[in-house]
Amino acid sequence: RMEQVIINLIQNACQALTNPDEAIVIKTEYLEATRTIRLEVIDEGIGISEQENQHITDPFFTTKRDTGGIGLGLSISSRIILEHGGTLQFSPGSVKGTIATVTLLADGNNE
């Protein structure tokens, strides 16, 4: 199930790119102080508006309906992360694009 989340996040990042010079960066880290694992998928694509960010994990919400998107990938991903006791958040990139951040407790209780 975690593989599905990572694939969904990378696929969305790829779809946000508008030209071959834009990049996707994937970062992982273990934060010892909080015993959490963090995964970031950072794209240099078109980004998301504040309004879109409020609904991005709602079932059937999509900005890509005209290209075949049905709006379930991020909804399912969010549910999977919540079931594992974690969080999935989206924020604007430092220059452009979007940062998708998954945070999970590293205490062995994640199913």
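Two strands count as paired if DSSP finds at least two bridges between them, and strands (E, at least two residues) and helices (H or I, at least four) are DSSP runs numbered from the N terminus. With that in hand, here is one rung of the sheet: L88 has V102, in β4, as its bridge partner. Keep in mind that this is a predicted model, where local features need pLDDT of at least 70, side-chain atom pairs count only at pLDDT 80 or more, and totals for chains, interfaces and linings use all residues. Residues are numbered from 1 along each chain as its sequence is written, and side-chain values use heavy atoms, with hydrogens and water left out.

**The sheet**

- The 4 strands make an open sheet in the order β1-β2-β4-β3, with antiparallel pairing.
- β1 and β3 sit at the edges with a single partner strand each, so one side of each has no neighbour in the sheet.
- On average, neighbouring strands are turned by 15 degrees against each other, direction ignored; the axes behind such angles are lines fitted to C-alpha atoms, for helices over the stretch in contact, and angles run from 0 to 180 degrees between N-to-C directions.
- β3 and β4 run antiparallel and are joined by 6 bridges.

**Helices on the sheet**

- α1 packs on the sheet and touches β1, β2, β3 and β4, where contact means heavy atoms within 4.5 Å.
- The direction of α1 makes about 25 degrees with that of β2.
- α3 lies across β3 and β4, and runs at about 130 degrees to β3.
- Within α3 (residues 73–83), the buried residues are L74, S75, S77, S78, I80 and I81; buried means under 20% relative accessible area, exposed means over 50%, and partly exposed is in between (1.4 Å probe, protein chains only).
- The cover over those buried α3 residues includes α1 (2–16), β3 (87–92) and β4 (98–105).

**The nonpolar core**

- A nonpolar core here is a set of buried Ala, Val, Leu, Ile, Met, Phe, Trp, Tyr and Cys residues joined through side-chain atoms within 4.5 Å.
- The largest one has 14 residues, and those with the most contacts inside it are V5, L9, I81, L88, F90 and V102.
- At least two residues of this core come from each of α1, β2 (36–43), α3, β3 and β4.
- As a rule, nonpolar side chains in soluble globular proteins tend to be buried together.
- If you leave aside neighbours within four places in sequence, I81 is in contact with M2, V5, G86, T87, L88, V102 and L104.

**A100 in β4**

- A100 is in strand β4 and is buried, at 5% relative accessible area.
- Again leaving out neighbours within four places in sequence, A100 is in contact with L9, L39, E40, V41, Q89 and F90.
- A100 and A13 are 87 residues apart along the chain, yet 8.8 Å separates their C-alpha atoms.

**Just past α3**

- H84 is in the loop between α3 and β3, and is buried with a relative accessible area of 11%.
- The H84 side chain reaches the backbone oxygen of I80 at 2.8 Å.
- G85, just after α3, takes a positive phi of about 75 degrees.

**Salt bridges**

- The whole structure has 3 salt bridges, each defined as a side-chain nitrogen of Lys or Arg within 4 Å of a carboxyl oxygen of Asp or Glu.
- R1 pairs with E83, with the closest N and O atoms 2.5 Å apart.
- That R1–E83 pair links distant parts of the chain, from the segment before α1 to helix α3, 82 residues apart.
- R1 is exposed at 54% relative accessible area, while E83 is partly exposed at 46%.
- K96 and E22 meet through their side chains in a salt bridge at 2.9 Å, N to O.
- K96 is in the loop between β3 and β4 and E22 in the loop between α1 and β1 (24–31), 74 residues apart.
- K96 is partly exposed at 42% relative accessible area, whereas E22 is buried at 10%.
- E29 and R38 form a salt bridge through their side chains at 2.5 Å, N to O.
- E29 is partly exposed at 34% relative accessible area, and R38 is partly exposed at 26%.

Key: Polar contact = N/O pair within 3.5 Å; in protein donor to acceptor, adjacent residues only side chain to side chain.
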